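Student: I would like to work through a protein model with you, step by step, and learn how to read it. Could we begin as soon as it is on the screen?

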Amino acid sequence: MMNTRRLPRVPAQALDAITAIVGPRWIRRAPSELDTYASDGLPTHRSRPAVVVLPGTCDQVARVVRILAHFGIPFVARGAGTGLSGGALAHEDAVLLVLTRLNRILEIDPENRRAVVEPGVVNARLTAAAARHGLHYAPDPSSQTACTIGGNVAENAGGPHCLKYGVTANHILELEVVLPDGSVTTLGSPYLEPWGPDLLGLFVGSEGMFGIATRITVRLTPTPKAVRTLLADFGSLRTAGEAVSAIITSGLVPAALEMMDRNCVAAVEASIYAAGYPTDAAAVLLVELDGLAEGAVATECEEIERLLREHGARGVRVATDERDRARLWQGRKKAFGALGRMSPDLVVQDAVVPRSALPNVLERIGVIAESFGLNVSNVFHAGDGNLHPNISFDRERPRELERVERGSAAIMQACIAAGGTITGEHGVGIDKLRYMPDVFDSETLGAMRAIRRVFDPEERANPVKVIPVHACREWLASPRTRHRAGAAAGAAGAAEAARAAGAAEAARAGAAAEAAATAGSSSSIVLDRPGSSGREGVE
Amino acid sequence: MAGAGLTIVRRIRSILGAGAVVETDRTGLPRVAPGTEEGVALVLRAAAADGWRVRIEGRGSWVPPDAPADLALTTRNLTKVPYLDPNDLVATAEAGIRLDDLRQALADRGTWLPADPPGASRSLGSVVATGTAGPLRGGFGNFRDHLLGVTIVTGDGRVVRPGGRVVKNVAGFDLTKLAAGSFGAFGVVTSVTLRLRGVPRADTTLVATGARDTLLNAAHSILQAGITPAALELLSPQAAQGDQWMLAVRLIGADAAVSAERDSVSGATQTALTELAAADASKLWRGLLAHAPPGSATLRLGALPSALDEALDLVAHHLPEGWLTVTIGAGVVRWSGDTTADRIKLLRHTAAQREMPLTLERATWQLRQLVGHFGAYREGVGRLVGALRRTFDPAGVLVTTVGDDM
């Protein structure tokens, strides 16, 4: 239930206070500037925030959040904006906190295989910085040359190598978090032991709805000394899917196991990222093996090659050197971009199915595509069963959007029916909100919402994402939690707001009266909030 | 049986039916052993409505079943393995199944769970709830890393099902992680879905004996060489059943890979390591892990691998000499023996100043009540934990000493 008493815009007094914290240079208000932040990696969702704020330090983040708490203003944290679920989009009544200025690598500790970073550090940059210690940061989403660690934490990002090395949640040791009331807490411990119940594990993947991680301690992984990359092509999606199953059950654990279908290969080969993939194949598999020693990896490579051929591979090519390997990977990593250039619009899904269901599900996706007249390309993490059906379309064409939406829903239902889930790494955001009741019952959704309200009683952190409120069974929030959070926000935020209000008044005598009037009305709304929101207690 | 107990028994029989397994423990406390998840939910719902305090039990072989309560609820009749797919390497098992029985069921289908918590006769739920991991944590991660989903019944009988059956899943908030290792604070785990592997092809153990710090240095050299053994475990003389410390290095994987690792390990350190014959390796690990460690209290201390010597010194300073193991790659010291609450609390607070969390894994009720499983929380954490507990157990049904702030 949305709080209908929320302010439609950010009150001037709040904006003044925030400007005093970050400096006027780091506030964006002009419509053209706001447009830059109105979408993320998905072209299908757009929303302009009320104002964009770019804090420069962790302390500034905490102070800004305290102001927002005091005034009851919703907010969304954003990294590079490469997300694929609309998670970094903010409504016109919310403040968008862009964390890209917090891009310092604070510490690399090679002896303990860990690093401490600010949330705006780019994923690939962290790996590059760790390289000279023989280490790398393992979770490697395809957007890694742009996406930030903070964003990775919010979504529990994956990537091709998470098949062997695990997802983001397996690589986060400690988080300093600014909670929505502006207080700061630390989750986890300097290394792998939890410090209390696993609030750290709970926070990773919470899509910005529990607070903002301002300091992130990550695990680094030894860079493998030996790597082999193979490309196999197949005459049908089904046989490719069966080959995947065979590899999984062989007992060998590849570092990565990726699949692309004919449409995807065509798009890649027609682009500047052409990798030499065979364009007449129905599907190609990219398999990577790694380990400590050349000999051992070569042996595994032989076994994988044999398995691939036994399961229908028409050709198997092993990358000859590092450049060849890089080229093969570039084709895969830039596939999404290549597809995006083919048509004005693109929808991408992120369902996961049991690996043994891959052949049937891929076939079903083909049938759905045909029956809805859709152009579907599949590029995905076959080793995990994490599908990425991409639907290329042009929303200007009559009724095309409607067909895409219906086809999309049909594909999602097919994946769920096969025992799968709706998102493996992109997150729910707004994009998959409508499917949540298809995978979780109302009791479970209610539990998730209740947990969210422990961290964010007023539901101001990235509101309206992930949990479809109408589908929740109600869980009563504890009154003590609410009041404590409200008090903390009140004390700290009021002090900050008062200081800023004083400064603004001194600077602009004419605006002072207006500021005072706004302060009067906004503070009365803040005081009303805990009782009047109607979101606490039974609705 | 006391009057109140009789009332509870009658109430339970009326809810679960006359065939419900309800008995009394040594002290006359009623104990119910539901055979289904629904039964667990019904009992807890009644408990919340009627104001009972309920202590949750597995098989009673790890945390002793001694907490004062109005009712004990045991998961020991929840023993099914309703789902096991060797092609997908996924299984769902009920919480009351004995670990060894689970391992057998998995092995029969050519699958394997890369986890070796101490205590083979424990229930699966006990391992999940206490987050106790064994030496394989170094190479394969903590127990929570093997969980794809759980079913939890909350203190007021709500059934919550986070996660799923697939190996990658970011739908919704990760309640599975919250349930694991939280000592029953948020409800009873009635079943879990596990990520499996194929049965390992090669499995080799190398050992060295000597002085503590010599062996620690050898272990560090192995890690610095970029090797991540399946297990890299330091054992105190008592744990090694000898008169010297022991370093055990376990390598698991494909034949060629294990062979290469073995060469790398030997090359990484001056300390001579001897490869054990398969039977001796089996005996070593089984001896270490088959039973709960000796003594009435077991605790673990987390530290950076580079600070493990400091952590060991702290333990030696505060606690009686005893049974100690160190999972080096995971930065965990586990101590087991007999000691007082005050000593543990002092160790916890001293360690906390060095950012080393102390978790009480197992102890008598008296110790648990005074010390708490967790404690000396970072600022703000206690409040969050308390609020989460109230969310999952609003009527305060579940008897568990999660934090030292209780």
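Student: Which residue of chain B lies over the face of Trp62(B), and at what distance from the ring centre?

Tutor: Please keep in mind from the start that this is a predicted model, and that its distances are computed from the atoms. For a charge to sit over a ring, the CZ atom of an arginine has to be within 6 Å of the ring centre. The residue over the face of Trp62(B) is Arg122(B), and the distance from the ring centre is 3.9 Å.

Student: Which ring in chain A has the charged end of Lys333(A) over it?

Tutor: Here the charge belongs to a lysine, whose charged end is placed 6.0 Å from the centre of the ring in question. That ring is the one of Trp329(A).

Student: How many residues of chain A are in contact with chain B, and how many of chain B with chain A?

Tutor: Let us start from the area buried between chain A and chain B, which is about 6800 Å², with carbon and sulfur atoms giving 59% of it. Counted by residues, the contact involves 94 of chain A and 77 of chain B.

Student: Which residue of chain A meets Arg137(B) in a salt bridge?

Tutor: Between chain A and chain B the count is 10 salt bridges. In the one you ask about, the distance from N to O is 2.7 Å, which lies within the 4 Å that a salt bridge requires. The partner of Arg137(B) is Glu193(A).

Student: Which aromatic residue of chain B forms a pair with Phe210(A), and why does this pair join two chains?

Tutor: A search of the whole structure gives seven aromatic pairs over all chains. In the pair of Phe210(A) and Phe173(B), the centres are 4.7 Å apart and the planes make an angle of 50 degrees, and the pair is tilted. Phe210(A) belongs to the loop between α7 (199–203) and β10 (212–219) of chain A, while its partner belongs to the loop between β9 (159–160) and α6 (175–179) of chain B, so the pair joins two chains. The residue of chain B is Phe173(B).

Student: Is Phe173(B) buried or exposed?

Tutor: Phe173(B) is part of one aromatic cluster together with Phe203(A), Phe210(A) and Phe455(A). Phe210(A) has a relative accessible area of 0% and is buried. For Phe173(B) the relative accessible area is 2%, which is under the 20% limit, so this residue too is buried.

Student: Which residue of strand β3 of chain A stands opposite Leu96(A)?

Tutor: Strand β4 (residues 95–98) of chain A has Val95(A) and Leu97(A) pointing one way and Leu96(A) and Val98(A) the other, all of them buried. In a regular strand the side chains alternate between the two faces of the sheet. Strand β4(A) pairs in the parallel sense with β2 (residues 51–53) over three bridges, where Val52(A) stands opposite Leu96(A). With β3 (residues 75–78) the pairing is again parallel, over four bridges, and the residue opposite Leu96(A) is Val76(A).

Student: Which residue in β10(B) is the bridge partner of Ile152(B)?

Tutor: Chain B has an open, antiparallel sheet of five strands in the order β5-β6-β10-β8-β9, and its edge strands are β5 (83–85) and β9, each pairing on one side only. Within this order, β8 (residues 147–153) and β10 (residues 188–195) are joined by six bridges and run antiparallel. The bridge partner of Ile152(B) is Val189(B).

Student: How far apart in space are Ile411(A) and Val367(A), C-alpha to C-alpha?

Tutor: Ile411(A) is placed in helix α14 (residues 400–417) of chain A and is buried, with a relative accessible area of 0%. Among the residues it touches are Ile365(A), Ile368(A) and Pro389(A). Ile411(A) and Val367(A) are 44 residues apart in sequence, and their distance in space is 9.7 Å.

Student: What is the phi of Gln241(B), and where is this residue found?

Tutor: Most residues other than glycine have a negative phi. Gln241(B) has a positive value, and its place is in the loop between α8 (237–240) and β14 (245–253) of chain B. This residue is exposed, with a relative accessible area of 71%. Its phi is near 55 degrees.

Conventions:
Residues numbered from 1 in each chain as written. Chains lettered and ligands numbered in written order. Predicted model: local features only at pLDDT ≥ 70, side-chain atom pairs only at ≥ 80, totals over all residues. Heavy atoms only, no water. Buried < 20%, exposed > 50% of the residue type's maximum accessible area, 1.4 Å probe, protein only. Pairing = 2+ DSSP bridges. Phe/Tyr/Trp six-rings, centres within 6.5 Å; stacked < 30°, edge-to-face > 60°. Lys NZ or Arg CZ within 6 Å of the ring centre and 35° of its normal. Contact = heavy atoms within 4.5 Å. Buried area = accessible area lost by both parts, 1.4 Å probe. Salt bridge = Lys/Arg side-chain N within 4 Å of Asp/Glu carboxyl O. Lists of a residue's contacts leave out its neighbours within four places in sequence.
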